[in-house]
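Student: Please take a close look at one sheet in this model and at what packs on it. I would also like a word on the cysteines.

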Amino acid sequence: MRYSEFGLTTLKESPAEAEIVSHQLMLRAGLIRRLTSGIFTWMPIGLRVLRKVENVVREEMNRAGAHELLMPAVQPAELWQETGRWDQYGDLLLRIRDRHERDFCFGPTHEEVITDIARRELKSYKQLPLNWYQIQTKFRDEIRPRFGVMRSREFIMKDAYSFDLDAEGLAASYQRMYDAYSAVFERLGLTFRIVDADSGEIGGSRSQEFHVLADSGEDAIAYCDADGYASNIESAATLPPEGERPAPSKDREKVSTPGVRSIEALCEHLGVEATATLKTLIVEGTDGPVALVLRGDHELNAVKAQKLDGVAAPLTMADPGTIRSATGAEPGFAGPIGLDIPVYFDHATAAMADFVVGANEADMHYTGVNFGRDIEAAETVDLRNVVEGDTTPGGKGTLSITRGIEVGHIFQLGTKYSESLGATVLNKDGKQQVLEMGCYGIGITRIVGAAIEQNHDDKGIIWPDPLAPFNVVIVPINLQRSDAVREASEALYAELQELGYEVLFDDRDARPGVKFADAELLGIPHRLVVSDRGLEEGELEYRHRRDSESKNLKREEALKLLTK
């Protein structure tokens, strides 16, 4: 491709709208252009990268025995009403109405549609196992689209759906997708981790996420290489502490804490560490408010909390009026002593003694509080997010925390959708049996952004070779003024194309510094510079995008290096 014919425009400065590196570099390098909030046009160079992702995904899905189809993007409300998700999905669902006043949505996912296909097309167990997939545009009406393609409203996704006769078959289909996804991210040259995850609004009995590791990742991942454990923070379990609780050494005392409503302020006021405090959070319950009690330095895990008996889902913090009614005090002074509502204590609280709690009285706290004497010792539950150094659920090591960008998610759905939509087949005994389903998603557009977040420097993108829009960029110096440079560059361009390389020939009449800066911004792995001085020596100047220095090579050596 000749640069002059490509219509590529790069930007020197990052647009003000771009918050993270991938968004900034995708705009600067001309991969995308914003149409409106959360909706982007993929420009030719960006589309080249996108298609490379799609091709790898398609090849691995086909290799795993899945079959490609293409479902409608617009879906009738009736299907979503059959599963109950028309109301459950909430405002993320872009609802539309046709001229006949019939309700539709622009699909964010296709569980209903594929299950409708299955109940119409599949009649016998002999047609199983079966896996259908598509690569298609989705739409989710994000309340606050941000981070470019990382959280956009319109995006391209590969979604696949497996159908099996029983749970054993589903497990086998799930494993094939696990292996296929692993192969995809390995082939794309990305560093990733596979973590246990919560099934969320999709549902099902088991799910795992595929995360590209990057410091800018929105998701925190807990892992331990010693026992191969990895999970997102939402799903990582904590264990009750081992050993006996320390014996009380202080008497309980009520102390004045005027205006002290946070753990930070409490620690400063009393001169104690957050680890010596308890915080009591009042949340909405299914039959009145519920108290959740954690160590002061720990963070409540909403996913875990809303699964507890009596706690409303989604988790909702109680309003000030409810807190006053439940505790007798203003928010900020709640404590577990004397509460007449259900109370759950986190596991970590079981190891505490002589701690500080709210006194359920304005501007007052208790110090020197102990279980068994001041508070009845209760069975503890897992309420919090794990932290660095926690013991792994298997007890074989300690956890480390890193950041990741979710780019894939696989689910064992079971019969959640097939049962509600009546998708059955005849089994070997001639009886109708509900299908076991799995669903498997990869964010095609998100992979591009995640790859940049993981692979960049202050000069621009550094594409892994399989994702690069071009393999090689030829940068001629004085092309318009040197016949020798023009002839050598044209010959090199033709030869590299003949060898099968995707080549960007920078034939612009521009200064060398501009061409070098754009080559680095675009992240093309291999750069070959053609100059009069080099031609006199029979050499080309070569630099890999990850290298800090260039080297002069004979033409044959340069071509051999590219081939290698």
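Tutor: What follows describes one sheet, then a helix beside it, then two cysteines. The model is predicted.

The sheet is open and has 5 strands, in the order S26-S25-S27-S28-S29, and its pairing is mixed. Its edges are formed by strand S26 (503–505) and strand S29 (551–554), each of which pairs on one side only. On average, and with direction ignored, neighbouring strands of the sheet are turned by 30 degrees against each other.

Within the sheet, strand S27, residues 526–530, pairs with strand S28, residues 539–544. The sense of this pairing is antiparallel, and it runs over 4 bridges. Here Arg527 stands opposite Arg543 in S28.

Helix H16, made up of residues 555–563, packs on the sheet. The strands that H16 touches are S25 (472–476), S27, S28 and S29. The direction of H16 makes about 105 degrees with that of S29.

As for the cysteines, the count of disulfides comes to 0. For Cys105, the closest cysteine sulfur is in Cys439, at 16 Å, which is too far for a bond because a disulfide needs the two sulfur atoms within 2.5 Å. Cys439 is likewise in no disulfide, the sulfur of Cys105 being the nearest cysteine sulfur to its own, 16 Å away. Cys105 is buried, with a relative accessible area of 0%. Cys439 has a relative accessibility of 4% and therefore counts as buried, since the limit is under 20%.

Key: Residues numbered from 1 in each chain as written. Predicted model: local features only at pLDDT ≥ 70, side-chain atom pairs only at ≥ 80, totals over all residues. Heavy atoms only, no water. Pairing = 2+ DSSP bridges. Helix = DSSP H or I, 4+ residues; strand = E, 2+ residues; numbered from the N terminus. Axes fitted to C-alpha atoms, helices over the stretch in contact; angles between N-to-C directions. Contact = heavy atoms within 4.5 Å. Buried < 20%, exposed > 50% of the residue type's maximum accessible area, 1.4 Å probe, protein only.
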